[in-house]
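Colleague: Could you take me through one part of this model in detail? I would enjoy a close look at a single spot, followed by how the rest of the chain is arranged around that picture.

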Amino acid sequence: AVAPSAEAGVDFYGWYYGSLALHGVGEPYSKAWFQALRAALAAGQRKDGHAKGSWDAACDPWGFSGGRVYATAMGALALLAEVDDSVAIATAPTKK
């Protein structure tokens, strides 16, 4: 996976699933991933007006379908994957 950065292109969906994968892999890879993710998300987070604290969906390839709510939810979930095992467990496939 390509480390998150605005220069590489915003992809909240990719960042979320990359975060789940790197959380499972562990250090040192996950440490570098989450440092890059925090920097990319902080750089793109709105700092003004009614949208303060959210992320714009226009720069994301999937943003057209979910808008600001999608972008903000996926950004938050990607960050949460670093510290909360339940995010990874909730999305893990179950054995049949």
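Here is the request in full, followed by one connected answer.

Colleague: What surrounds Asp60, and which residues does Asp60 touch? Please also cover the salt bridges and the other local features.

Modeller: Happy to. Please keep in mind that this is a predicted model. A little background helps to place the residue. The protein chain has 4 helices and 0 strands, and its elements run α-α-α-α from the N terminus on. Of its 96 residues, 32% count as buried. Among contacts with a separation of 6 or more, 55% are between residues 24 or more positions apart. The accessible surface of the protein chain is about 6000 Å², and carbon and sulfur atoms hold 62% of that surface.

Now to Asp60 itself. Asp60 sits in the loop between helix 2 (29-44) and helix 3 (63-80). Asp60 is buried and yet has no salt bridge. The nearest side chain of opposite charge belongs to Arg68, 12 Å away. A salt bridge requires a side-chain nitrogen of Lys or Arg within 4 Å of a carboxyl oxygen of Asp or Glu, so a separation of 12 Å does not qualify. What Asp60 does have is a backbone partner: a polar atom of the Asp60 side chain lies 2.6 Å from the backbone nitrogen of Phe12. Setting aside residues up to four places away in sequence, Asp60 touches Val10, Asp11, Phe12, Tyr13 and Tyr70.

The segment before helix 1 (12-25) deserves a look next. Gly9 is found in that segment, and the C-alpha atoms of Gly9 and Pro61 are separated by 9.0 Å although the two residues are 52 residues apart along the chain. Gly9 is partly exposed, because its relative accessible area is 32%. Ser5 also has its place in the segment before helix 1. Ser5 counts as buried because its relative accessibility is 19%. The side chain of Ser5 reaches the backbone nitrogen of Ala8 at 3.0 Å. Leaving out neighbours within four places in sequence, Ser5 is in contact with Val10, Trp15 and Ala40. Val10 is thus a contact of Ser5 and is touched by Asp60 as well.

Tyr13, one of the residues touched by Asp60, also takes part in a surface feature. Tyr13, Tyr17, Trp62 and Phe64 form a nonpolar patch with about 510 Å² of accessible area together. Phe64 is in helix 3 and counts as exposed because its relative accessibility is 70%.

Let me turn to the charged pairs, where the count comes to 4 salt bridges. Arg68, named above as the nearest opposite charge to Asp60, meets Asp56 in a salt bridge of 2.7 Å, N to O. This pair links distant parts of the chain, with Arg68 in helix 3 and Asp56 in the loop between helix 2 and helix 3, 12 residues apart. Salt bridges that share partners join Arg46, Asp48, Asp56 and Arg68 into one network. Arg68 counts as partly exposed because its relative accessibility is 32%.

Within that network, the side chains of Arg46 and Asp56 meet at 3.3 Å, N to O. Both Arg46 and Asp56 lie in the loop between helix 2 and helix 3, so the pair ties together parts that are 10 residues apart in sequence. Arg46 is partly exposed, with a relative accessible area of 24%, and Asp56 is partly exposed as well, at 27% relative accessibility.

Another salt bridge joins Glu82 and Arg38, with the closest N and O atoms 2.8 Å apart. Glu82 lies in the loop between helix 3 and helix 4 (85-91) and Arg38 in helix 2, so this pair ties together parts that are 44 residues apart in sequence. Glu82 is partly exposed, with a relative accessible area of 30%, and Arg38 counts as partly exposed at 37%.

One backbone detail is left. A cis peptide bond, with omega of about 5°, joins Glu27 and Pro28. Most peptide bonds are trans. Pro28 is placed in the loop between helix 1 and helix 2.

To come back to your question: Asp60 is buried without a salt bridge, and its side chain has a polar atom 2.6 Å from the backbone nitrogen of Phe12.

Definitions and conventions:
Residues numbered from 1 in each chain as written. Predicted model: local features only at pLDDT ≥ 70, side-chain atom pairs only at ≥ 80, totals over all residues. Heavy atoms only, no water. Helix = DSSP H or I, 4+ residues; strand = E, 2+ residues; numbered from the N terminus. Buried < 20%, exposed > 50% of the residue type's maximum accessible area, 1.4 Å probe, protein only. Lys, Arg positive; Asp, Glu negative; His and termini not counted. Polar contact = N/O pair within 3.5 Å; in protein donor to acceptor, adjacent residues only side chain to side chain. Contact = heavy atoms within 4.5 Å. Areas by Shrake-Rupley, 256 points an atom, 1.4 Å probe, with all protein chains shown as cover. Patch = residues over 30% accessible without salt bridge, like charges linked within 9 Å, V, L, I, M, F, W, Y side chains within 5 Å.
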